[in-house]
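Here is a short report on one protein chain. It follows the strands, the cysteines, the aromatic rings and the core.

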Amino acid sequence: ATPPSAAWPPAASRLAADGLTRAAQGHGVSLRGPRSPRRRGARGLALATTAACDEDSVEPSVAEVPSMPTVASDTPTMVVVPALTGADGVQQHGATTSPGASPGAHSGGWAPSRPSATSTAWQSGGTTCESPARAPVDVVKPVAPLAMAVTATTTASSRWGRRAQLRAALSHSVWYHCSVANSLRTFLAGKSFALLMVVALILALFMPDSWILLGINSNLAIDVTLTIVMVLFTAELVLLSAVDAPYMLSFFQLMDVVGTISMIFDISYLQGADATFAPLASKNDDAQKNLMLLRASRAAKIGARAGRLSRMLRILRFLPFLTGGEADKTRTGIASMISGRLSNLLATRVACLTILLVMVIPLFEIWTFPQSDFSLQTWVERISNNIQEGRIGDAVVELRLMEAFYRRYGYWPFMACIGRVTEVDGVADFVCDALRSADLSGWQPERAAPPRASSALRVHSETFMVAFNLHNPYMLKSGLGIVTIVFILFIMIFSSLALSSVVTELAVRPLERMLSTVRQIASTVFKFSAEVCDVDEEEADIDISNEMKLLERVVQKLAIVADLQTAKHPQATADMRDEDIGILSMMQGKNVADEQKALAQARRSINAPRKKATAPSVHLEDFGVPHSTYESWSFNSLSLSQAQRSSLAVFAISRFRESAESFSSSQSEVQTLQRFVAAVENEYLPVPFHNFGHAVDCLHGVSRLMPLMCAEAFLSELEQYVLLIAALAHDLGHPGVNNGFLSEVGHELALQYNDRSPLENMHCAKLYTLIANPQMNVLGQLDKDQYREARKVCIEAILHTDMMGHGAMVNDLQLTYEMNQEVFSNKDNLPSANGNNMAALEVFLKPETKMLVIECILHSADVSNPCKSWDVTYAWAMVCLEEFFAQGDQEKILGVPVQFLNDREKLNKPNSQIGFIEFMIAPFFAAQIRLWPGLGQLGDNLGNNLANWADMWEKEVSPSEEERQKVFARVHKVRDTLQEAQRRGGEIA
């Protein structure tokens with residue numbers, strides 16, 4: 001548990017709450033927290049940390065306290081009290097659902113009890129302390145997962161800064177949970193106080209400008225009203241800071257401080273303008289100096305007033321489109337909660353952005369080029385000069401000209417006098433001399449004075465002053481200010497509504513439809529599953545079930561139906577009732593009956609035989625290869641003569657289908673195939689490993705793998721035929737060195753193919769060079785579409801024999817199994833030779849999966865030597881290493897880095913095969929065995945050969961016991977992996 005002095009941050013409490021919820025769900029308990037709006041506009045909880053009574057004697061408990069001032073008084077509160085000791089000495093863990101929850105609301109071994117509503121006592125360290133009176137909560141007996149979830153959060157407290165510590169300190173205090181604080185939170189969250197603050201906010205935003213528009217020449221009413229508003233703002237700020245921990249040092253607290261302080265600029269006896277005093281204008285020499293200051297102060301005033309807009313966010317939670325209104329009452333519970341939270345979150349973000357823009361944009365006016373109307377001061381100086389020079393008559397004429405000049409403007413002179421500038425209480429003022437001003441009686445103003453004294457501007461010199469009526473410009477400015485505020489409110493509210501509507505349509509509505517569909521189909525699913533398994537009576541009540549629990553039960557029932565369906569032959573669908581077929585269609589997202597017909601048609605197309613052979617029958621024994629050897633993994637093409645290899649190649653390609661006898665079935669087609677095989681043999685170079693013997697061995701591997709994988713069920717005859725052609729030609733012209741060597745020495749093949757599989761690209765090019773000859777065109781009988789498909793299959797298969805793509809192929813095979821584990825984990829679902837297994841066919845008939853299988857078959861045959869009988873494996877390993885050593889000799893001669901497997905002086909042959917099998921071959925074939933259990937014998941051979949290499953390594957090296965144990969541990973691990981793959985593939989019980 002957290003030490004008493006440690007600060008438990010809100011995020012840590014949130015983590016604890018999440019852990020408690022998951023733990024409770026594991027015990028069949030639903031912990032429902034409040035669903036009221038958060039302080040920052042999003043619905044939820046303000047997580048805090050509470051102390052049971054005294055911080056120094058009782059460990060703190062985690063509580064989810066309603067975030068004030070946005071939680072209604074009747075909002076349920078969830079309190080989790082970990083490891084507190086009751087007065088009776090028994091430890092208790094607390095959790096509540098709602099204040100009105102009944103004991104029967106809990107299940108799974110939970111025993112809630114109701115403590116007193118006035119006080120609760122706990123024992124800690126031998127001392128009994130009593131907490132302040134607080135609302136009653138449900139206290140439940142200890143459950144280990146809950147205590148562990150709370151304890152786990154203690155490690156997060158050290159990562160929080162001072163702000164989180166201050167909030168935690170406030171939430172730990174006794175004051176925070178006393179009855180007074182709880183009452184204040186309830187009052188601040190109530191609609192009555194919210195309505196009062198809304199009225200105060202409207203007055204603060206609109207009253208100063210409205211006073212100017214109305215032309216009221218008095219300070220009393222506005223000062224009294226705004227003073228009351230300022231007191232309300234200050235009280236709210238102080239109270240929220242005292243009873244709402246998440247509010248402390250938040251953005252909203254800062255905005256409230258700014259908005260409250262800004263009130264002094266609207267109250268005349270503080271820093272506001274006096275409506276009864278006409279201000280004096282600056283002289284020309286001072287105007288430019290003061291203009292930047294005036295703009296800065298105006299920007300500050302606008303920004304400060306904008307700070308009051310943050311209080312408008314408290315209105316958002318009362319708007320119908322955010323609370324949901326009557327519409328939300330009919331929504332699914334989870335969808336309603338998501339909708340409310342998203343709407344409130346978006347509304348808050350838009351409002352905050354708007355407020356920031358209003359505060360920041362006016363600041364840019366401070367640095368703009370100074371622009372002002374200096375005509376007022378110019379006229380005054382001009383008339384003042386006439387008066388000083390004694391030309392009173394000229395001054396009167398100038399006054400008339402000035403008045404005529406301002407007739408086209410919205411402001412005008414309404415008074416002129418002669419006097420002097422004085423200073424009273426530090427405030428500059430101009431005092432008119434009535435006797436001297438009588439000389440100007442020849443000018444009588446045509447338009448009246450403003451209704452407000454503060455709407456007049458007195459422009460003066462040392463001895464002369466003219467008062468201008470600026471009431472119209474001030475009214476325009478105030479009107480624009482009101483329009484601006486209204487526009488901001490429009491943006492805050494209706495833009496939030498628009499964004500919320502978009503999110504609701506894109507995210508919430510689909511969820512509502514899904515959950516509604518769950519309820520609609522639940523009764524059907526339960527009715528059907530009841531016929532095959534026992535169903536509890538209480539599960540039949542769908543209307544009162546939680547949506548997610550209901551969805552979980554629906555999925556469980558669908559799993560039962562799926563197991564029943566997959567255990568039967570697909571043709572049994574025809575015997576099912578319409579309701580049963582509907583359930584299966586819903587489960588698979590498609591029409592099962594229609595799909596069965598389509599797959600049956602596809603199987604008939606795949607298995608459709610071509611014409612029967614007209615060429616004479618040929619048998620393996622005719623060229624000295626026993627049929628039993630050919631049909632086993634003991635076949636070794638190294639022991640065959642050149643003529644035997646050629647004959648075997650022709651036989652394997654032309655006779656790979658017993659029922660249809662392939663695309664090379666007529667006499668002429670067989671002759672073309674023979675010429676093609678002869679040409680292929682000539683293209684292979686006499687290198688130790690990648691020679692024509694390896695090509696025949698790979699061809700044999702493909703012809704063996706396809707039946708074991710039941711490839712005829714999902715590969716067409718053309719695809720199988722082309723795969724055999726690719727197997728024979730996959731290493732045409734191989735020079736006995738790898739791609740890395742070609743790139744290192746800058747070989748022309750590497751340059752031609754940009755270092756991207758140069759050998760494999762060359763093999764494909766040579767193959768189609770041979771096919772271009774009509775005498776050797778084994779694809780000549782194909783139409784245009786078939787030829788295009790054959791070329792695609794052939795090229796893709798050969799290119800993927802590059803070992804650089806080996807790892808990706810292993811990953812793809814593993815992913816195929818994991819994504820369809822429910823199919824491949826059941827032996828009855830695996831492919832069969834008759835192609836009647838719809839579940840497996842659905843996987844392998846997908847275009848991307850089919851191409852992966854084609855590539856996998858050829859690559860498997862290419863690297864299958866370690867999976868054969870020991871004598872064959874050993875023979876091929878030796879010739880392979882010999883080819884590597886030959887490349888290493890060339891690397892030494894050319895002075896390029898010698899690849900590790902190519903150094904005959906350093907490499908240990910058995911150890912190299914152990915690593916090759918462990919890291920390359922075993923994972924590859926283990927992934928295949930899971931998909932095709934018929935390949936299980938390859939896994940057995942692979943494990944046995946690995947053990948033989950380990951024994952050979954031990955005899956050659958005579959390692960230490962520690963080293964020996966490490967190597968044989970690797971061997972056992974690989975064999976265990978292969979056996980596990982066979983078990984998952986259904987081969988081993």
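Cysteine 417 has methionine 465 as its bridge partner in β12. This is a predicted model, and that pairing is a good place to enter it.

**The strands around β12**

Strand β12 covers residues 464–469. Its partner β9 covers residues 412–424. Six bridges join β9 to β12, and the two run antiparallel. Strand β11 (residues 456–460) also joins β12, through five bridges, and again the strands run antiparallel. One residue pair here is arginine 458 with its bridge partner in β12, alanine 467. Three residues lie between β11 and β12, and the two strands form a hairpin.

Is β12 mostly covered or mostly open? It is mostly covered: six of its six residues are buried. Phe464, Val466 and Phe468 point one way from the strand. Met465, Ala467 and Asn469 point the other way. Both sets are buried.

Phe468 also belongs to an aromatic cluster. The other members are Trp379, Phe405, Tyr406, Tyr409 and Tyr411.

**Cysteines**

How many disulfides does a search of the whole structure find? It finds one. The bond joins cysteine 417 to cysteine 432, with an S to S distance of 1.9 Å. Cysteine 417 sits in strand β9 and cysteine 432 in strand β10 (residues 427–432), 15 residues apart, and the pair links distant parts of the chain. The torsion about the S-S bond is about -50°, so the disulfide is left-handed.

The two ends differ in cover. Cysteine 417 has a relative accessibility of 4%, under the 20% cut-off, so it counts as buried. Cysteine 432, at 36%, counts as partly exposed.

Cysteine 764 is in no disulfide. The nearest cysteine sulfur belongs to cysteine 794 and is 6.4 Å away. That distance is beyond the 2.5 Å limit for a disulfide, so the two are not counted as bonded. Cysteine 764 is buried, with a relative accessible area of 8%. Cysteine 856 is buried too, at 0%.

The table sets out the cover of these cysteines.

| Residue | Relative accessible area | State |
|---|---|---|
| Cysteine 417 | 4% | buried |
| Cysteine 432 | 36% | partly exposed |
| Cysteine 764 | 8% | buried |
| Cysteine 856 | 0% | buried |

**Aromatic rings**

The whole structure holds 21 aromatic pairs. One of them is formed by tryptophan 870 and tryptophan 949. Their ring centres are 4.9 Å apart, and the planes meet at 70°. Planes over 60 degrees apart count as edge-to-face, so this pair is edge-to-face.

Which parts of the chain does the pair tie together? Tryptophan 870 lies in helix α33 (residues 870–894) and tryptophan 949 in helix α35 (residues 936–957), so the pair ties together parts that are 79 residues apart in sequence. Tryptophan 870 is partly exposed, with a relative accessible area of 27%. Tryptophan 949 is buried, at 0%.

Two arginines also involve aromatic rings. The charged end of arginine 185 sits over the ring of tyrosine 176, 4.5 Å from the ring centre. In the second case, the charged end of arginine 704 sits over the ring of tryptophan 633, at 5.0 Å from the centre.

**The nonpolar core**

In soluble globular proteins, nonpolar side chains tend to be buried together. Here the largest nonpolar core has 108 residues. Those with the most contacts inside it are Phe676, Leu728, Leu767 and Trp932.

What does phenylalanine 676 touch, leaving aside neighbours within four places in sequence? Its contacts are Ile725, Leu728, Leu767, Ile771, Met776 and Val778. Leu728 and Leu767 thus appear both in this list and among the core residues with the most contacts.

**One helix residue, and the whole chain**

Isoleucine 202 is placed in helix α5 (residues 191–214). At 41% relative accessibility, isoleucine 202 counts as partly exposed. Valine 229 is 27 residues from isoleucine 202 in sequence. In space the two are 9.8 Å apart, C-alpha to C-alpha.

Across the chain there are 36 helices and twelve strands. Of its 989 residues, 49% are buried. Among contacts between residues at least 6 apart in sequence, 74% join residues at least 24 apart.

Key
Residues numbered from 1 in each chain as written. Predicted model: local features only at pLDDT ≥ 70, side-chain atom pairs only at ≥ 80, totals over all residues. Heavy atoms only, no water. Phe/Tyr/Trp six-rings, centres within 6.5 Å; stacked < 30°, edge-to-face > 60°. Helix = DSSP H or I, 4+ residues; strand = E, 2+ residues; numbered from the N terminus. Buried < 20%, exposed > 50% of the residue type's maximum accessible area, 1.4 Å probe, protein only. Lys NZ or Arg CZ within 6 Å of the ring centre and 35° of its normal. Pairing = 2+ DSSP bridges. Core = buried A, V, L, I, M, F, W, Y, C linked by side-chain atoms within 4.5 Å. Contact = heavy atoms within 4.5 Å.
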